[in-house]
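Work through the exercises below with the model open. Each task is followed by a worked solution.

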Amino acid sequence: MEWSWLRDWWRLAKFRRGDRTDPTTAGQRDRRRASGSGAAVSGFTGSALPDIADTMQELEPVRFFVDRLDDSCDDASDDDDAAQRPAVDGEEGEQERRHHYHHPDRHLYFGATDAFYDDPYCDCEKCLNGDLDPTDGLDSDDSSTSGKQVVVAVCAMSKKSQSKPMKEILTRLQEFEYIRMVVIGEEIILNEPVDRWPLCDCLISFHSKGFPLEKAIQYAQLRQPYVINNLHMQFDIQDRRRVYAILQQEGIEIPRYAVLDRDSPDPKQHELVESEDHVEVNGIVFNKPFVEKPVSAEDHNIYIYYPTSAGGGSQRLFRKIGSRSSVYSPESRVRKTGSFIYEDFMPTDGTDVKVYTVGPDYAHAEARKSPALDGKVERDSDGKEIRYPVILSNAEKLISRKVCLAFKQTVCGFDLLRANGKSFVCDVNGFSFVKNSNKYYDDCAKILGNMILRELAPQLHIPWSVPFQLDDPPIVPTTFGKMMELRCVTAVIRHGDRTPKQKMKVEVRHQKFFEIFEKYDGYRYGHIKLKRPKQLQEILDIARSLLAEIQTKAADSEIEEKQSKLEQLKSVLEMYGHFSGINRKVQMKYQPKGRPRGSSSDDADAPKEPSLVLILKWGGELTPAGRIQAEELGRIFRCMYPGGQSRQPGVGEGPGAQGLGLLRLHSTFRHDLKIYASDEGRVQMTAAAFAKGLLALEGELTPILVQMVKSANTNGLLDNDCDSSKYQNMAKSRLHELMQIDREFTAEDRAAINPGNAISINLAMNFVKNPVQCCAQVHSLIRSLMAVVAVKRDDPKTRDAVLYHGETWELMGR
């Protein structure tokens with residue numbers, strides 16, 4: 001037999017004590033209630049104050065919200081504002097007004113003009129003197145629990161609490177029979193003391209810019225509600241140092257990092273040594289590319305620094321502004337003020353994975369284009385950022401569970417980086433929702449509603465039964481249909497149009513060159529390749545030093561003989577004003593007995609002493625035309641698959657069509673796309689330009705190169721294969737013989753040279769006609785060009801002209 005009705009009756013009956021009928025004490029009590037900001041007017045009687053009408057005019061009417069009491073005041077359900085009701089004089093009118101200050105709406109937004117009084121019970125005459133059937137609760141076990149609800153309060157800034165995702169989820173939570181939603185307005189949060197905030201059984205509160213997290217903690221300590229997202233841990237989420245420390249404690253993979261704390265009194269916490277292509281933070285070296293993050297999670301100005309071999313500079317990330325999320329900058333130096341986290345850059349093929357948990361057993365994942373790629377935010381026709389569904393691996397699902405439990409955030413978002421076959425957590429955002437996913441809204445509301453009722457229904461004696469599927473997290477679908485589809489497209493692409501490749505060889509024996517050779521472990525392999533700026537600078541310093549010795553007559557005869565070669569070495573290395581391994585490199589090969597006879601050396605005799613052959617290579621760079629070619633080819637690939645062409649009549653048949661095409665094959669295409677290139681600069685830049693066209697990217701090629709293009713050992717596809725060199729030499733020998741023929745090609749020559757009747761070879765033979773005469777004509781053109789170069793070099797008007805890619809007349813004449 002349920003006797004809880006007696007408890008409820010006693011709580012209501014306490015208002016009938018003598019002080020309610022004593023005009024003096026009643027007036028004092030009412031004045032106390034009316035004092036202070038946003039005071040609630042309640043409990044006046046007709047004889048309590050002589051000037052009740054004046055007092056009511058002075059006090060702005062505010063609503064008195066009943067928290068735990070169900071809708072026993074039936075006739076209050078039709079009116080929101082007592083001011084709209086007809087005036088009733090006397091005590092009856094006052095009782096009527098007080099009664100209708102109760103707000104009947106179950107889905108409340110508490111604003112600046114709404115006050116809430118701590119007393120959770122209605123004290124109007126109708127409610128207090130209403131009939132209480134002495135048999136209530138004796139004949140039915142459900143009468144004491146009928147109408148009871150769990151009050152769930154949302155405490156956040158208006159920008160968050162009234163956002164579309166939040167409203168979608170609150171609307172679905174409102175459909176639970178035993179849940180009533182209350183959203184606390186921003187004005188109350190900022191301006192009212194916590195003891196005047198609405199009462200609740202469950203609190204959903206989270207930090208954002210301007211939110212007083214300390215007040216929310218005070219409220220939780222005062223009212224002791226069931227808290228969905230732990231409030232104290234939200235302070236840790238605002239500090240990236242604490243985030244990484246917690247992730248490490250939980251054994252979650254994170255990028256290798258170091259903290260540069262310039263605010264620390266310990267000098268060992270802010271030691272920074274910066275070099276051309278790396279920084280050393282507190283003794284830990286980070287080679288470019290690396291990431292520089294402010295320690296405050298509220299600061300979104302994150303920089304990524306690129307190596308000079310990829311073009312240098314940095315990508316500067318910031319919170320989205322319109323359609324931009326980052327911008328490329330030529331600045332390569334790190335920031336000198338503020339505290340930062342430095343970490344390894346993770347190559348993720350240009351994508352970030354955003355994971356959203358709702359409890360430890362549910363995670364929804366989406367991929368988006370990395371903001372570091374080109375800085376342009378991809379948006380759909382509705383202006384929303386385009387995201388792609390992702391299937392999490394078992395290991396990633398375990399990471400989601402660990403993050404949710406470690407930070408005690410039931411609803412939690414974090415960033416996942418997939419790189420090198422592993423998944424790394426690089427940021428934890430706390431409370432965040434998926435946008436534009438009805439499936440997620442349904443799942444989130446269902447899980448939260450069941451979680452809240454499972455925790456609070458027994459405490460509040462609510463007859464709620466646990467659904468069977470509560471512990472069976474919904475599955476997020478990511479693929480559609482069962483039709484056969486194209487699963488892979490493989491392309492082998494040559495680099496685009498390039499400048500002529502140029503090479504200079506010189507034999508050197510100076511001790512300084514041998515020191516460089518030994519420094520970079522040349523004796524181990526017999527050769528070295530120098531491409532880094534620091535290495536090229538060392539070679540340039542040697543060339544300048546030796547040329548200075550020649551000027552002062554301090555150099556030996558062998559060095560003087562190499563003066564022209566050293567000047568050429570110096571001129572090439574000084575091109576562009578900065579070093580980049582993409583367009584220049586120096587190779588050194590060890591010759592135990594000097595340069596062998598039969599080479600193109602300037603020296604006729606082969607000396608017996610060991611020497612080094614220094615080979616300088618430059619040129620062969622991707623031209624602007626080559627870059628356009630590569631981007632255009634990428635656009636062709638994007639639109640070559642059926643459906644890639646424009647839907648407009650007569651538009652879209654060419655390479656400029658902007659349809660989806662190939663990218664429609666799979667929603668997670670960015671994870672499946674792999675681009676490999678050799679270490680040649682022109683090849684890597686071609687690959688980056690191709691990716692730019694394929695993925696419709698914008699901006700500089702350097703960020704695309706670093707994130708999308710992987711260096712690979714492609715020598716097997718080139719001319720270094722031992723089996724192929726034999727046939728290559730045979731082809732060269734045959735071509736050499738053909739170029740000695742001093743007559744036009746005959747039908748027999750054509751049949752022998754081009755047995756397959758290839759169109760390209762036939763066109764080439766028609767152009768050459770007589771091989772000897774053609775070679776003589778080429779030689780004549782070269783001599784004419786050299787004469788023009790000599791004139792231009794000596795002409796004062798053109799002597800200082802800037803040539804293509806910074807070449808000089810002297811270098812061009814060589």
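**Exercise 1: a three-stranded sheet**

Strand 7 and strand 8 (residues 278-281) form an antiparallel pair over three bridges. The model is predicted: local features need pLDDT of at least 70, side-chain atom pairs count only at pLDDT 80 or more, and totals for chains, interfaces and linings use all residues. Residues are numbered from 1 along each chain as its sequence is written, and side-chain values use heavy atoms, with hydrogens and water left out.

Task: Which order do the strands of this open sheet have, and which strands stand at its edges?

Solution. Start with the terms. Strands (E, at least two residues) and helices (H or I, at least four) are DSSP runs, numbered from the N terminus. Two strands pair if DSSP finds at least two bridges between them.
- Step 1: Val273 has Glu280 of strand 8 as its bridge partner.
- Step 2: The three strands run in the order 7-8-9, with antiparallel pairing.
- Step 3: Strand 7 (272-274) and strand 9 (284-287) are the edges; each has a single partner strand, so one side of each lacks a neighbour in the sheet.
- Step 4: On average, neighbouring strands here are turned by 15° against each other, direction ignored.

**Exercise 2: a five-stranded sheet**

Task: Find the residue that stands opposite Thr357 in strand 18.

Solution.
- Step 1: The open sheet has the order 17-16-15-18-19, and its pairing is antiparallel.
- Step 2: Strand 17 (388-389) and strand 19 (422-430) each have a single partner strand, so one side of each is left without a neighbour in the sheet.
- Step 3: Strand 15 (residues 351-358) pairs with strand 18 (residues 411-419) over six bridges, in the antiparallel sense.
- Step 4: Opposite Thr357 stands Cys412.

**Exercise 3: two helix pairs**

Task: Describe how helix 20 packs with helix 22, then how helix 17 crosses helix 19.

Solution. Axes are lines fitted to C-alpha atoms, for helices over the stretch in contact; angles run from 0 to 180 degrees between N-to-C directions.
- Step 1: Helix 20 (residues 624-639) and helix 22 (residues 681-694) pack at about 40°, with axes 7 Å apart.
- Step 2: Angles under 35 degrees count as roughly parallel, over 145 as roughly antiparallel, 65 to 115 as roughly perpendicular and the rest as oblique. Helix 20 and helix 22 are therefore oblique.
- Step 3: The axes of helix 17 (residues 533-551) and helix 19 (residues 563-573) come within 9 Å and cross at roughly 140°. Helix 17 is thus oblique to helix 19.

**Exercise 4: backbone exceptions**

Task: Where do the cis peptide bond and the positive phi of Gln224 lie?

Solution. Most residues other than glycine have a negative phi, and most peptide bonds are trans.
- Step 1: The cis bond joins Lys288 and Pro289, with omega about 5°.
- Step 2: Pro289 lies in the loop between strand 9 and strand 10 (290-294).
- Step 3: Gln224 is not a glycine, yet its phi is about 55°.
- Step 4: Gln224 sits in the loop between helix 10 (213-223) and strand 5 (226-227).
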